Amino acid sequence: MSSNHPDVQPLPTSYACPELVLDIERVLDVAARQTIRATFGFDPAAPLVVSLLLVVEGGPRVLWRIGRDLMQQGLRSASGLGDVQMWPARPDEGGTAWLQLASRDMAALFELPVPPLAEWLEHTYELVPAGRELAEVDWNATRANLLADS
């Protein structure tokens, strides 16, 4: 944890969520795809988001932070607006889901395997249940920090 907040204690390592590393497909056009290494991360201290690090072999590394609930819902039905959208590719099969990421005038469409992602997300909800994401926030300290920074 940050040394700027001595009142915040780090979580025991038993609460750590291992990263999920998957090879996913970026859809370039109807007939062309590119394999991308995707690393999904979850920090119980920031439980509203999932980090997604995309690595193109010989190319750039791109980090996105995506709402955990958006991603969970996107495995079963359309989810998200604007820059991040996710929906099942074949709802009857449950095998893959589409993830569209947009930034400025660019967009990328990825196909993700649902089973390992669903299992990994379930583990994040075991660590921090839905509806409990903000339960551990010390609102007085947060307010004091915000006022001190302004």
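Modeller: Two strands pair if DSSP finds at least two bridges between them. Helices (H or I, at least four residues) and strands (E, at least two) are DSSP runs, numbered from the N terminus. This is a predicted model, where local features need pLDDT of at least 70, side-chain atom pairs count only at pLDDT 80 or more, and totals for chains, interfaces and linings use all residues. Residues are numbered from 1 along each chain as its sequence is written, and side-chain values use heavy atoms, without hydrogens and water.

Colleague: Over how many bridges do β1 and β2 pair?

Modeller: The two strands form a hairpin with five residues between them. Within that hairpin, L22 stands opposite A38 in β2. The pairing of β1 and β2 is antiparallel, and its bridges number eight.

Colleague: Which residue in β7 stands opposite R26?

Modeller: β1 also pairs with β7 in the antiparallel sense. That pairing runs over three bridges. Opposite R26, in β7, stands F110.

Colleague: What is the order of the seven strands in the open sheet?

Modeller: β1 pairs with β2 and also with β7. The sheet is open, and its pairing is antiparallel. Its strand order is β4-β3-β2-β1-β7-β6-β5.

Colleague: Why do β4 and β5 each have one side without a neighbour in the sheet?

Modeller: β4 covers residues 61–67 and β5 covers 84–88. Both stand at the edges of the sheet. One side of each is left without a neighbour because each has a single partner strand.

Colleague: Which residue in β7 does S103 stand opposite?

Modeller: β6 spans residues 96–103, and β7 spans 106–113. They pair in the antiparallel sense over eight bridges. The residue opposite S103 is M106.

Colleague: Which helix packs on the sheet?

Modeller: Contact means heavy atoms within 4.5 Å. The helix touches β1 (20–27), β2 (33–41), β3 (49–55), β5, β6 and β7. The helix spans residues 114–127, and its name is α2.

Colleague: Is R104 buried or exposed?

Modeller: R104 lies in the loop between β6 and β7. Its phi is near 50 degrees, a positive value in a residue other than glycine. Buried means under 20% relative accessible area, exposed over 50%, partly exposed in between (1.4 Å probe, protein chains only). With a relative accessible area of 84%, R104 is exposed.

Colleague: What is the relative accessibility of G95?

Modeller: G95 sits in the loop between β5 and β6. The residue counts as partly exposed. Its relative accessibility is 31%.

Colleague: How far apart are the C-alpha atoms of G95 and P115?

Modeller: Not counting residues up to four places away in sequence, G95 touches L112, P113, V114 and P115. G95 and P115 are 20 residues apart along the chain. Their C-alpha atoms are separated by 6.8 Å.

Colleague: Is V128 buried or exposed?

Modeller: V128 belongs to the loop between α2 and α3 (139–149). Leaving aside its neighbours within four places in sequence, V128 is in contact with F42, P44, P47, R68 and E133. Its relative accessible area is 9%, so V128 is buried.

Colleague: How far apart in space are V128 and A46, C-alpha to C-alpha?

Modeller: In sequence, V128 and A46 are 82 residues apart. P44 and P47 are among the contacts of V128. In space, C-alpha to C-alpha, V128 and A46 are apart by 9.8 Å.

Definitions and conventions:
Axes are lines fitted to C-alpha atoms, for helices over the stretch in contact, and angles run from 0 to 180 degrees between N-to-C directions.
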